[in-house]
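User: I should like to learn how to read a sheet and the burial of its strands. Please begin with the general idea and then turn to the case shown here.

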Amino acid sequence: MRVMVVVKATKNSEANVMPSEKLHAEMGKYNEELVKAGIMLAGEGLHPSSKGKRIQFSGGKRTVVDGPFAETKELIAGFWLWQVKSMEEAVEWARRCPDPMPGEDAELEIRPVFEADDFGEEFTPELRAQEDRLRAEIEKRAGK
């Protein structure tokens, strides 16, 4: 199963406080362990919401809202995409994570990624074929 591990934002991450060299080294070691174990598919840190935008949909109308966004606890500072055997395995790996926000309360959230079979009959063979073509194209471009 694939899971997304979300690193929740904090006051410091939203203030663009950069991680220390020590934290970079600890996270680098942790990420290396994830890669060697075949767990990590992707992972990135995100700029603070002050550099972001939101697109709000209401009926046929779309509105662009500039950051920063309130409610830091609802924001994301980074993520990993992992391939694991179970949610329990994801939790065990997450428990090994270095403290992502030293000096502040930090939180990781683990969420399963939808797989094709999760969508039922509405995800027709034609739509599955289209998704397969798109994934192949993405992988082809990523391999360049």
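Analyst: A residue counts as buried when its relative accessible area is under 20%. This is a predicted model. By that cut-off, β1 is mostly covered, with six of its seven residues buried.

User: What is the order of the strands in the open sheet?

Analyst: The four strands follow the order β2-β5-β1-β6, and their pairing is antiparallel. The edges are formed by β2 (40–45) and β6 (108–112), each of which pairs on one side only. On average, neighbouring strands of this sheet are turned by 15° against each other, direction ignored.

User: How many bridges join β1 to β5, and how many join β1 to β6?

Analyst: Seven bridges link β1 to β5, and these two strands run antiparallel. Strand β1, residues 2–8, is joined to β6 by five bridges, again in antiparallel fashion.

User: Which residues stand opposite V7, M4 and V6?

Analyst: On the β6 side, V7 faces L108 across the pairing, while M4 is placed opposite R111. Towards β5, V6 stands opposite F79. As a general guide to reading such positions, side chains in a regular strand alternate between the two faces of the sheet.

User: Which helix packs on the sheet, and which strands does the helix touch?

Analyst: Helix α3, residues 87–95, packs on the sheet and touches β1, β5 (76–83) and β6. The direction of α3 makes about 160° with that of β6. Strand β1 thus has β5 and β6 as its neighbours in the sheet order, and is also touched by α3.

Conventions:
Residues are numbered from 1 along each chain as its sequence is written. This is a predicted model: local features need pLDDT of at least 70, side-chain atom pairs count only at pLDDT 80 or more; totals for chains, interfaces and linings use all residues. Side-chain values use heavy atoms; hydrogens and water are left out. Two strands pair if DSSP finds at least two bridges between them. Axes are lines fitted to C-alpha atoms, for helices over the stretch in contact, and angles run from 0 to 180 degrees between N-to-C directions. Contact means heavy atoms within 4.5 Å. Buried means under 20% relative accessible area, exposed over 50%, partly exposed in between (1.4 Å probe, protein chains only).
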